[in-house]
Amino acid sequence: MKTFLQNLGIIMMIIGSIVLILSYFCGWSNNNGVLFTSIGLIIAGIVNLFTHSSGLDLIISFAGILIFTGLTMYDAQKVKQMAAAEGNLDSAAIRKVGILGALTLYLDFINLFLHILRFLGRKR
């Protein structure tokens with residue numbers, strides 16, 4: 001339970017940092033490079049299935065944290081842009097955009113949380 005609460009606190013700090021970065025410093029609307037790095041993460045995971053390397057597993061976990069933090073920033077910016085464009089849509093389309101944005105961010109947060117659990121779980 002203690003590890004869960006520590007990881008939840010880390011996730012909350014990361015999400016808070018993402019919101020601050022999005023609000024004040026940069027726009028991530030055109031950053032598609034983060035999407036391509038996730039392919040490398042998948043390939044490294046497949047290689048690690050056969051090699052069972054704990055060092056590679058640690059690197060994959062850390063890279064996953066960075067990648068899903070970037071994807072969360074990108075998706076949050078995309079949701080922000082979709083919300084700004086909602087003035088031209090009807091109520092059914094607005095609902096669909098809201099559900100799509102919530103699902104996208106939910107999946108990013110879950111994957112980020114899983115990679116943080118893997119990264120912090122290696123220390124024991």
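**Notebook: a four-helix chain**

I began with the surface: the chain exposes about 8100 Å², and carbon and sulfur atoms supply 71% of that area. I note at the outset that the model is predicted.

**Confidence**

I looked up the pLDDT next. The chain averages 75, and 67% of the residues score at least 70. I then asked which helix has the lowest confidence in the chain and which the highest. Helix α1, residues 2–24, is lowest with a mean of 64, whereas α4 is highest at 87.

**Overall layout**

I counted four helices and zero strands in the chain. Read from the N terminus, the order of elements is α-α-α-α. I recorded 124 residues, of which 27% count as buried. I also checked how the contacts are spread along the sequence. Taking contacts between residues at least 6 apart, I found that 80% join residues at least 24 apart.

**Helix α3: L58 and D75**

I went to L58, which sits in helix α3, a segment covering residues 54–84. Why does L58 count as partly exposed? Its relative accessibility is 36%, and the partly exposed class lies between the 20% limit for buried and the 50% limit for exposed. I then took a distance from L58 to R118: their C-alpha atoms are separated by 7.8 Å, although the two residues are 60 apart along the chain.

I turned to D75, also placed in helix α3. Is D75 buried or exposed? D75 counts as buried because its relative accessibility is 6%, and the class requires a value under 20%. I listed its partners, leaving out residues up to four places away in sequence: D75 touches T104, L105 and D108.

**Helix α4: L103 and the patch**

I located L103 in helix α4, which spans residues 91–121. L103 has a relative accessible area of 46% and is therefore partly exposed. I next asked which residues form a nonpolar patch on the surface together with L103. They are Y106, L107, I110, L114 and L117. I noted about 510 Å² of accessible area for the patch, L103 included.

**Closing entry**

I set two residues side by side: D75 of helix α3 is buried at 6%, while L103 of helix α4 is partly exposed at 46%. I add that the patch containing L103 should be read with the mean pLDDT of 87 for α4.

Notes:
Residues numbered from 1 in each chain as written. Predicted model: local features only at pLDDT ≥ 70, side-chain atom pairs only at ≥ 80, totals over all residues. Heavy atoms only, no water. Buried < 20%, exposed > 50% of the residue type's maximum accessible area, 1.4 Å probe, protein only. Contact = heavy atoms within 4.5 Å. Areas by Shrake-Rupley, 256 points an atom, 1.4 Å probe, with all protein chains shown as cover. Patch = residues over 30% accessible without salt bridge, like charges linked within 9 Å, V, L, I, M, F, W, Y side chains within 5 Å. Salt bridge = Lys/Arg side-chain N within 4 Å of Asp/Glu carboxyl O. pLDDT = per-residue confidence, 0-100.
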